[in-house]
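Here are some friendly notes to read beside the structure. Take the points one at a time, and find each residue in the viewer as you go.

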Amino acid sequence: MNTKNKIGDMPASSLLLPRLTKIQKEEGYLSEERLKELAKEISIPITRIYEVATFYSFITIDKKGKYVIRVCASPSCHINGSDDILEIFERLLEIKVGGTTKDNKFTLEKTSCIGCCDEAPAALINDEAYTKLNDEKIREILAKCK
Ligand code: FES
């Protein structure tokens with residue numbers, strides 16, 4: 001039996017996603033340095049780690065803002081004005097979708113359905129969902145982000 005790439009009885013690859021998620025949560029993104037350390041630690045090729053790290057949209061190898069705003073662009077939110085919501089965020093933050101504010105506080109992205117379709121338009125800010133968004137509500141939310 002091949003014991004390479006195993007930790008205890010578990011294949012090291014089964015630990016990969018939880019480990020990547022943990023690093024993401026702690027540091028906000030997966031730096032090259034951390035990925036190399038992880039590859040060495042669990043004996044998985046760095047290329048495999050990059051495959052996984054770049055597959056999931058909620059894991060990133062790019063440094064992002066303290067608050068990552070993900071505006072849902074799926075059908076229910078689109079019909080209920082997600083394009084307008086994106087424009088409001090862009091205007092208030094003075095960035096475009098995909099961008100990060102100069103102070104590294106906010107990153108603005110689009111995402112697919114976040115499961116709040118009945119309260120569209122919706123967005124996630126880090127792990128928290130915000131629904132029935134409008135200009136006033138967005139201003140209040142941004143003001144609370146410190
Ligand atoms: S379509 Fe936006 S939350 Fe489902």
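1. Let's begin with K64: is this residue buried or exposed? In this predicted model, K64 has a relative accessible area of 18%. Buried means under 20%, so K64 counts as buried. You will find K64 in the loop between helix 3 (46-55) and strand 3. Leaving aside residues up to four places away in sequence, K64 touches T100, T107 and E109.

2. Next, follow the chain into strand 3 (residues 67-72). Six of the six residues of this strand are buried, so strand 3 is largely enclosed by the rest of the structure. Which way do the side chains go? In a regular strand they alternate between the two faces of the sheet. Here Y67, I69 and V71 point one way from strand 3, while V68, R70 and C72 point the other way. The residues on both sides are all buried.

3. Now look at the strands beside strand 3. With strand 4 (residues 106-111), strand 3 pairs in the parallel sense over six bridges. One example to find on screen is V71, whose bridge partner in strand 4 is K110. With strand 5 (residues 123-125), strand 3 pairs in the antiparallel sense, over three bridges. There, I69 has I125 as its bridge partner, and V71 stands opposite A123.

4. Step back to see the whole sheet. In what order do the four strands of this open sheet run? The order is 4-3-5-6, and the pairing is mixed. Strand 4 and strand 6 (128-130) stand at the edges with a single partner strand each, so one side of each has no neighbour in the sheet. From one strand to the next, the twist averages 25°. Please don't read "edge" as "exposed" for strand 4: this strand is mostly covered, with five of its six residues buried.

5. What packs on this sheet? Helix 5 does, touching strand 3 and strand 4. The direction of helix 5 makes about 155° with that of strand 3. A good residue to click on is S82, which lies in helix 5. S82 is buried, with a relative accessible area of 0%. Not counting residues up to four places away in sequence, S82 touches V71, C72, A73, C77 and P121. You have met V71 and C72 already, as residues of strand 3 that point opposite ways.

6. Finally, helix 5 also has a helix to meet. Two packed helices are described by the angle between their axes and the distance between the axes. For helix 5 (residues 82-93) and helix 6 (residues 135-144), the axes come within 10 Å and cross at roughly 45°. That makes helix 5 oblique to helix 6, and the crossing is right-handed. On the helix 5 side, the contact is made by I85, I88, F89, R91, L92 and L93. On the helix 6 side, D135, I138, R139 and L142 take part. Sorted by class, this contact has seven nonpolar, no polar and three charged residues. As a small exercise, try picking out which residues belong to each class.

Note on methods. Residues are numbered from 1 along each chain as its sequence is written. This is a predicted model: local features need pLDDT of at least 70, side-chain atom pairs count only at pLDDT 80 or more; totals for chains, interfaces and linings use all residues. Side-chain values use heavy atoms; hydrogens and water are left out. Axes are lines fitted to C-alpha atoms, for helices over the stretch in contact, and angles run from 0 to 180 degrees between N-to-C directions. Helices (H or I, at least four residues) and strands (E, at least two) are DSSP runs, numbered from the N terminus. Angles under 35 degrees count as roughly parallel, over 145 as roughly antiparallel, 65 to 115 as roughly perpendicular and the rest as oblique. A crossing is left-handed if the near helix is turned anticlockwise from the far one by less than a right angle, and right-handed if clockwise. Contact means heavy atoms within 4.5 Å. Ala, Val, Leu, Ile, Met, Phe, Trp, Tyr, Cys and Pro count as nonpolar, Asp, Glu, Lys and Arg as charged, and the others, Gly among them, as polar. Buried means under 20% relative accessible area, exposed over 50%, partly exposed in between (1.4 Å probe, protein chains only). Two strands pair if DSSP finds at least two bridges between them.
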